Structure formats: structure tokens, C-alpha cells
Amino acid sequence: MADLFAYTDGACSGNPGPGGWGVLMRAMDGEHVVKERELQGGESETTNNRMELLAAINALEVLERSSSLTIVTDSAYVKNGVTGWIFGWKKNGWRTSNKKPVKNVDLWQRLDEAQARHDVTWEWVKGHAGHPENERADELARAGMKPFKEEEN
């Protein structure tokens, strides 16, 4: 059985501004790529954090059946949120420890629901540091942003 990896990234031109998200999905058999799929999308007015979240959400929602996978992100916001902060937010009715509404709550709830169907391991990598799969996810995110960036001009 192949190991499944999703390399995710988000990009934004201005924050807020036009943004994009990208995902490189890979099924691996040891060192060999068995199957690969690329996903991308974007929005005209968004933030970098929303694009990072949408990349992870789309990686999970595209899977047709319950799967075991590793999501690799360069977003500490996504990794820390989904592996730590979210538990307190849910307990506090989607409020932060200082009782303020959680930012991007719609996407955090969607991510929480999407990952509930799967066995997900979350990994963080340093962005723009030459990690080939992360660089590809970044290229996909920029490509996803491109049509919305052109609307600006």
C-alpha cells in the first residue's frame, strides 16, 4: 500500500488581496512516486492565512474515501491551529482564550470536518527553503492566484 502525502501552500498578493492555493498530492511506494495529482484555486479578495487553510481543506476534501495521509505545510498557523489551538476553540464555542471570535472560523470548521474522515499526520517545513514539493505547491498557489491578480489590472 502506498503512502499518501499532500504538500500544501497558499499565496497572496497584498494581504488582503488576490490569493491562490496549491496542493501537490503524491502516493509513494518507498522512494517511488506511484501517482501524482495537482490542485489549485484562488480568490480575488482574501488573505494568506485563508489560502493556506484552503490548500489543506482541498487536499482532504478531494479524497473520495477515508485515507491515511501526511499533510506537509509551511504554515505554522495551519499546523499549530489544527494540532493545538482548535481543541480550545471548539471547547470555548469557537472563541479564543481571550473570548474573541476565532478568525477564519468558517474555514477552521470546514478543515475540522474534512480531517475527521481521515487519519492525518501534520508536518511543518520551512517555506522557500528549497524543499522541492513545497516549492511545487508554491508554484501551484501562484498559478491559482494568477487569474484573480489579472482582474486587478
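In the predicted model, V23 sits across from L39, a residue of β3. That pairing belongs to the stretch where β2 (residues 17–29) meets β3, with twelve bridges holding the two strands together in antiparallel fashion. The two strands make up a hairpin, and two residues separate them. One feature of the turn is G30, whose phi is positive at about 65°.

Zooming out, the hairpin is part of an open sheet of five strands, laid out in the order β3-β2-β1-β4-β5 with mixed pairing. The edges are taken by β3 (32–46) and β5 (119–124), each of which has a pairing partner on one side only. On average, neighbouring strands here are turned by 20° against each other, with direction ignored. As background, strands of a sheet pair through backbone hydrogen bonds, and the pairing can be parallel or antiparallel.

Moving along the sheet, β1 (residues 3–12) and β4 run parallel and share five bridges. Within this pairing, T8 stands opposite T73 of β4. On to the next pair: β4 (residues 68–73) is joined to β5 by six bridges, and these two strands also run parallel. Here T70 has T121 of β5 as its bridge partner. As for burial, β4 is largely enclosed by the rest of the structure, because five of its six residues are buried.

Now for the helices. The end C-alpha atoms of α1 (48–61) are 20 Å apart, which agrees with the 20 Å that its 14 residues should span at 1.5 Å a residue. Eleven of those 14 residues are buried, so α1 is largely enclosed by the rest of the structure. The buried set is a mixed bag: it includes M51, L53, L54, I57 and L60, but also R50, E52 and N58. The alanines A55, A56 and A59 are on the buried list too.

Helix α2 (residues 76–91) lies across β4 and β5, and its direction makes an angle of about 140° with β5. The buried residues of α2 are Y77, V78, G81, V82, I86 and W89. They pack against quite a mix of elements, namely α1, β4, α3 (105–116) and β5. As a general point, an α-helix has 3.6 residues a turn, so residues three or four places apart point the same way.

The geometry of α2 has a twist in the story. A kink of about 60° is centred on W85. Even so, the end-to-end check comes out fine: the 16 residues of α2 should span 22 Å at 1.5 Å a residue, and the end C-alpha atoms are indeed 22 Å apart. After the helix comes G93, with a positive phi near 65°.

What about the aromatic rings? The count comes to five aromatic pairs. In one of them, the ring centres of Y77 and W108 are 5.3 Å apart and the planes meet at 70°; with over 60° counting as edge-to-face, the pair falls in that class. Since Y77 is in helix α2 and W108 in helix α3, this pair ties together parts that are 31 residues apart in sequence. Y77 and W108 are both buried.

Another pair is formed by W85 and W89, whose ring centres are 6.0 Å apart; the planes are at 50°, so this one is tilted. Both tryptophans lie in α2, four residues apart, or about one turn of the helix. Are W85 and W89 buried or exposed? W85, at the centre of the kink, is partly exposed, with a relative accessible area of 40%. W89 has 10% relative accessibility and counts as buried, because the cut-off for that label is under 20%. Taken together, ring pairs link Y77, W85, W89 and W108 into a cluster.

A last stop is D112, which has its place in helix α3. D112 is buried, with a relative accessible area of 18%. Leaving aside residues up to four places away in sequence, D112 touches I86, K90 and W94. Of these, I86 is one of the buried residues of α2, and those residues pack against α3 among other elements.

Methods: Residues are numbered from 1 along each chain as its sequence is written. This is a predicted model: local features need pLDDT of at least 70, side-chain atom pairs count only at pLDDT 80 or more; totals for chains, interfaces and linings use all residues. Side-chain values use heavy atoms; hydrogens and water are left out. Two strands pair if DSSP finds at least two bridges between them. Axes are lines fitted to C-alpha atoms, for helices over the stretch in contact, and angles run from 0 to 180 degrees between N-to-C directions. Contact means heavy atoms within 4.5 Å. The expected span of a helix is 1.5 Å times one less than its number of residues. The bend at a residue is the angle between axes fitted to the seven residues ending there and the seven starting there. Buried means under 20% relative accessible area, exposed over 50%, partly exposed in between (1.4 Å probe, protein chains only). Rings of Phe, Tyr and Trp (its six-membered ring) pair if their centres lie within 6.5 Å; planes under 30 degrees apart count as stacked, over 60 as edge-to-face and the rest as tilted.
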